[in-house]
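The following exercises are to be worked with the sequence and the coordinates at hand. Each task is followed by a solution in steps.

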Amino acid sequence: MKRTRLTRAMIGATLVSALPLAAVSAVSSPSPSISQAQHLANLQTRGTAEITRRLTALSSAQVAVTATTKLSVEDKAALTAQITAETASLTALKTKLAADTDLTTARTDVQSIVSDYRVYALMLPKARLAAALDHVMALESALQKLHDKLLTPVGAEDANPAAGVSADRAKLDEMAAQLAAAHAATDGLEAKLLALQPTDYNADHTVLTQYRQSLTAARSDLAAARNDAKAIIDALKAGKPKS
């Protein structure tokens with residue numbers, strides 16, 4: 001019995017030793033090509049999902065841009081063109097990724113979804129900031145017109161020598177300074193904002209901070225200007241003596 005087992009073991013060892021080394025390796029380990037193919041398929045699946053998610057977000061942004069009343073005609077056209085171009089490029093990338101046949105190319109394509117487009121980090125925030133800036137600038141214009149209308153009644157008060165410098169005049173001057181500050185904060189800001197590209201964000205991840213800060217400062221100045229205008233109007237309506 002022992003002799004039979006020993007004989008079988010020797011025969012098996014002889015057969016294995018007779019096989020080519022490559023054949024033994026193929027039996028003992030998975031095929032690298034199968035592993036790479038699966039890896040490629042996984043990359044394509046994940047990349048396609050990320051592209052689809054961004055295309056959905058861009059589509060929603062386009063609907064919002066079209067519907068908003070806070071954007072000028074020019075800014076709306078500029079943003080629409082940018083969103084359309086980004087959508088077309090991502091759609092082309094989606095097709096290319098699906099056709100990739102090697103891991104290196106697929107990895108590059110998947111990485112470009114973030115680095116070459118910056119949909120969430122730049123494109124969508126840029127659209128929201130542009131709408132907010134347009135709204136602020138419209139408010140600034142409206143308050144400037146109100147300031148100019150108030151010049152006449154406040155000027156009439158100034159014409160009374162007995163009144164001295166009226167409190168309304170002081171508030172109107174303060175309002176003018178606040179409007180000037182708001183204008184300085186937003187002047188030329190939209191054109192620079194709309195011109196931002198993914199490369200700008202890649203070079204400086206805080207590139208939008210200055211726009212947010214300028215917007216906040218302008219809103220604060222305009223809120224103060226509006227309060228001054230209200231105080232002047234209330235005082236004029238009440239007919240209180242100014243001294």
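Buried means under 20% relative accessible area, exposed means over 50%, and partly exposed lies in between (1.4 Å probe, protein chains only). The model is predicted, so local features need pLDDT of at least 70 and side-chain atom pairs count only at pLDDT 80 or more, while totals for chains, interfaces and linings use all residues. Residues are numbered from 1 along each chain as its sequence is written, and side-chain values use heavy atoms, with hydrogens and water left out.

**Exercise 1. Place His 147 and list its contacts.**

Step 1. Locate the residue: His 147 is in helix α6. Helices (H or I, at least four residues) and strands (E, at least two) are DSSP runs, numbered from the N terminus.

Step 2. Classify it: His 147 has a relative accessible area of 9% and is therefore buried.

Step 3. Collect the contacts, where contact means heavy atoms within 4.5 Å. With neighbours within four places in sequence set aside, His 147 touches Leu 172, Met 175, Ala 176 and Leu 179.

Step 4. Take one of these partners, Leu 179. The C-alpha atoms of His 147 and Leu 179 are 9.2 Å apart, and the two residues are 32 apart in sequence.

**Exercise 2. Describe the chain as a whole.**

Step 1. Count the elements: the protein chain has ten helices and zero strands. Its pattern along the sequence reads α-α-α-α-α-α-α-α-α-α.

Step 2. Find the buried share: 32% of the 243 residues of the protein chain count as buried.

Step 3. Sort the contacts by separation. Among those between residues at least 6 apart in sequence, 79% join residues at least 24 apart.

Step 4. Give the surface: the protein chain exposes about 14400 Å², and carbon and sulfur atoms supply 62% of this area. Accessible areas come from the Shrake-Rupley method with a 1.4 Å probe; for residues, only the protein chains shown count as cover.

**Exercise 3. Which side chains form salt bridges, and how buried or exposed are the partners?**

Step 1. Apply the rule: a salt bridge is a side-chain nitrogen of Lys or Arg within 4 Å of a carboxyl oxygen of Asp or Glu. The count by this rule is seven salt bridges. Three pairs are worked below.

Step 2. Arg 54 and Glu 50 form a salt bridge at 2.8 Å, N to O. Both lie in helix α3, four residues apart, about one turn of the helix. Arg 54 counts as buried because its relative accessibility is 8%, whereas Glu 50, at 29%, counts as partly exposed. A network of salt bridges links Glu 50, Arg 53 and Arg 54.

Step 3. Lys 96 pairs with Asp 100 in a salt bridge at 3.6 Å, N to O. Lys 96 is partly exposed at 40% relative accessible area, and Asp 100 is buried at 9% relative accessibility.

Step 4. Asp 228 and Lys 171 form a salt bridge at 3.7 Å, N to O. Asp 228 lies in helix α10 (residues 209-238) and Lys 171 in helix α7 (residues 167-186), so the pair ties together parts 57 residues apart in sequence. Asp 228 is buried, with a relative accessible area of 5%; Lys 171 counts as partly exposed at 31% relative accessibility.

**Exercise 4. Examine the buried residues Asp 134 and Asp 75, which have no salt bridge****.**

Step 1. Set the charges: Lys and Arg count as positive and Asp and Glu as negative, while His and the chain ends are not counted.

Step 2. Asp 134 is found in helix α6 (residues 119-158). For Asp 134, the nearest side chain of opposite charge is Lys 76, 8.5 Å away.

Step 3. Asp 75 is found in helix α4 (residues 73-99). Lys 76 is again the nearest side chain of opposite charge, here 11 Å away.

Step 4. List the contacts beyond four places in sequence. Those of Asp 134 are Lys 70, Leu 71, Ser 72, Asp 75 and Glu 190. Those of Asp 75 are Asp 134, Glu 190 and Leu 194.

**Exercise 5. Which helix gives the most to the lining of the largest pocket?**

Step 1. State the volume: the largest pocket has about 160 Å³. A pocket is an open set of points on a 1 Å grid over the protein atoms alone, where a 1.4 Å probe fits, with protein on both sides within 12 Å along at least five of seven lines; lining residues have an atom within 4 Å of a point. A volume is the space filled by probe spheres set on the points, which are joined across faces, edges and corners.

Step 2. List the lining: Ala 61, Ala 64, Val 65, Thr 68, Leu 71, Leu 124, Ala 127, Arg 128 and Ala 131.

Step 3. Assign it to helices: α3 (32-67) and α6 each supply at least two residues. The most come from α6, with four residues.
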